[in-house]
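Welcome to the tour! Keep your viewer open, and have the selection tool ready for each stop.

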Amino acid sequence: MTKPLQQSVALKKIIKPIVSEQLWKDYPQLAGIEVNGLQLDSRQIKTGEMFIAYPGHATDGREYIQQAVDTGASVVLFEQDRSETILKTLLNDNQQVAASAKTLSGVYNYKEAVLIPVKNLSQNVSLIAARFYGNPTKKMSVIGVTGTNGKTSCAYLLAQALEFLQYPTLMLSTVGNGNPTELKATENTTPDAIAIQRLAAEYLQHKNYHMTMEVSSHGLVQSRVAAVAYKVAIFTNLSQDHLDYHGDMESYFQAKRQLFISENLQVAVINADDEYGRRLLADDQIVCRKIAYSCKEKDDSLNISDWVVAQNQMFNMKGIQAELHTPWGTSKLRSGLLGHFNLSNLLAVASALGFLFGDINKWIVALNAAKAVPGRMQSFTKAGKATVVVDYAHTPDALDKTLSSLREHCDGDLWCVFGCGGDRDNTKRPLMGSVAEQKASHVIITDDNPRTENADAIVDMIRQGMSNKDAEYIQKRKDAIKFALTHSAANDMILVAGKGHEDYQQIGTKKVHYSDLETVADLMEEIA
């Protein structure tokens, strides 16, 4: 599926909107240049490709122009602002750099490559990539999901539903990129601007005409998605996060808001149960159609005509049941997912499916069939045993919400198996201990990526937030889960929190293979 695209595109076609018309008159030779690929990483350059160099948060790409050219780059676009020193050093004053440095409007020859300065280059990379790959997202139905929590779940549930309906779908998310049944690992929630367009083009040629993607606030602020042609945008919620980057909640909110004023957007699906969602629903600058969803009821004060709501809700060991009321009809929601927040996620997905396909009877079965994201409230059941739920919750707020949600489903005792990572924020440790003790019937502390920190010291800090200073500690996660399974009743629930879909344990400076998902599956079979 991810076979690289083989193509050559005229330089003029790629960069025409971001350079002056005068450039082509002054340097007519540029019209004959063909570009074989785009790269932001000089180490990945192949012969005939374009290297795009601009200052980032950690490094300045312009410092790697020489390396890129030596590796085979034929064209280099570089950020014009404050580049005089870099350019002079690179060219060793062999050309008349000083004379043109005030405007840097020319083209510079360096070895076998041409160097072209561009203003605000980082903001234009998405457009450059879109033009190189033929604007693939304009030929797809792209659904972007943003918010603090629920992005991954909504993108995954929606991708599953679309594939159930026989619409091959590309998904870009924290848990991986690709079709939902064949995800490949990724490092960032939102890929870089070139990777997004490349993946869209690759999957489009295999007739994936739908794409669901998580859209992070970083991706929006850094213009990684500036040229993505969104058809549907979903807002889940907003709570404190990433303030080290954005500075304050208002800046964080305004970053998210950018998605809903996208030029091609046809509909905004917004959570009316969230205070920031209500701001978006009342925002006159969001001119596309708005669909509000709520786990409560319609709010006429918002002056929104399209609502998706759940009535007569019921939570039990088997999942969620409710009556789903939409502009496209009413039906029964019967989902195996767990948690009140997953009901909210299902309503968001229902809103998008309704907009795309209309009549609720065309898609309700697909919605009900969708399963949890691996490692996100993923449940394991076997007759005669407690239900085990594996979740990624690794902050006090996430652990609180997860345990509160499971309490709604649990008929017996609620167990919590968790730990805290080493060499990371230690202020959350007593808070997580307090939450676990308050919300769970039984607590077992275990290791969670101790890294180079002493495991006993981590446990001591967790216990500081608990009234029981001798709370059970079982170092190995497998042993801790096994203890909970052998001491619990059939109507109990056991939350194994912290690692979710991760398949490693970091001990010291080494990563060793370990998976909560694999461990729970094995123990459910082993323990009589």
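**Stop 1: a loop residue, L40**

Select L40 first and show everything around it: leaving out residues up to four places away in sequence, L40 touches F51, I52, Y54, V125, D192 and I194. Before you go on, please note that this is a predicted model. L40 itself lies in the loop between β3 (38–39) and β4 (50–53). Is L40 buried or exposed, or something in between? L40 has a relative accessible area of 26%, and because buried means under 20% and exposed means over 50%, L40 is called partly exposed.

L40 also appears in a record: UniProt, in an unreviewed entry, places the feature "binding site" at L40, S42, N188, T189, T190, S216, Q222 and R224. We will visit T190 from that list shortly.

**Stop 2: the sheet beside L40's loop**

Now colour β3 and β4, the two strands on either side of that loop. They run parallel and are joined by two bridges. For a pair to look at, select L38, which stands opposite M50 in β4. In general, strands of a sheet pair through backbone hydrogen bonds, either parallel or antiparallel.

Widen your selection to the whole sheet. In which order do its strands come? The order is β3-β4-β5-β7-β6, making an open sheet of five strands with mixed pairing. Look at the edges, where you will find β3 and β6 (108–110). Each of these two has a single partner strand, so one side of each is left without a neighbour in the sheet.

**Stop 3: T190**

Next, select T190, another residue of the UniProt "binding site" list that holds L40. T190 lies in the loop between β10 (176–178) and α8 (193–204). With a relative accessible area of 0%, T190 is buried. Which residues does T190 touch? Not counting residues up to four places away in sequence, they are I196, M213, E214, V215, S216, G219, R224 and V225. Two of these contacts, S216 and R224, are also on the UniProt list with T190.

**Stop 4: helix α7 and the loop before it**

Move to a second recorded site. In an unreviewed entry, UniProt places "binding site" at G147, T148, N149, G150, K151, T152 and S153. Start with T148, which sits in the loop between β8 (141–146) and α7. At 10% relative accessibility, T148 counts as buried.

Then select α7 itself, residues 151–164. This helix has 14 residues and reaches 20 Å from its first C-alpha to its last, close to the 20 Å expected at 1.5 Å a residue. How many of its residues are buried? The count is 12 of 14, so α7 is mostly covered. The buried residues include K151, T152 and S153, which are also on the UniProt list for this site.

Pick S153 for a closer look. This residue of α7 is buried, with a relative accessible area of 13%. Leaving aside neighbours within four places in sequence, S153 is in contact with N342, N345 and V373. Finally, go just past the end of α7 to Q166, which takes a positive phi of about 70 degrees.

**Stop 5: another five-stranded sheet**

Now find the open sheet with the order β18-β19-β22-β20-β21, whose pairing is mixed. At its edges stand β18 (378–380) and β21 (442–445), each with a single partner strand, so one side of each is left without a neighbour in the sheet. Neighbouring strands here are turned by 20 degrees against each other on average, direction ignored.

Zoom in on β18 and β19 (residues 387–391), which pair in the antiparallel sense over three bridges. Select Q378 and look across to V390 in β19, which stands opposite. Then pick S379 in β18. S379 is partly exposed, with a relative accessible area of 33%, and touches L338, T387, V388 and V389, not counting residues up to four places away in sequence.

To finish this stop, show helix α15 (residues 396–409), which lies across β19, β20 (414–418) and β22 (493–497) and runs at about 160 degrees to β22.

**Last stop: zoom out**

Colour the protein by domain: domain 1 (9–129), domain 2 (135–369) and domain 3 (378–527). How many Å separate the centres of domain 1 and domain 3? Taken over C-alpha atoms, the separation is 51 Å.

Notes. Residues are numbered from 1 along each chain as its sequence is written. This is a predicted model: local features need pLDDT of at least 70, side-chain atom pairs count only at pLDDT 80 or more; totals for chains, interfaces and linings use all residues. Side-chain values use heavy atoms; hydrogens and water are left out. Domain bounds come from an automatic or database domain assignment. Helices (H or I, at least four residues) and strands (E, at least two) are DSSP runs, numbered from the N terminus. The expected span of a helix is 1.5 Å times one less than its number of residues. Buried means under 20% relative accessible area, exposed over 50%, partly exposed in between (1.4 Å probe, protein chains only). UniProt positions are given in the numbering used here, feature names are shortened, and annotations may be inferred rather than shown by experiment. Contact means heavy atoms within 4.5 Å. Two strands pair if DSSP finds at least two bridges between them. Axes are lines fitted to C-alpha atoms, for helices over the stretch in contact, and angles run from 0 to 180 degrees between N-to-C directions.
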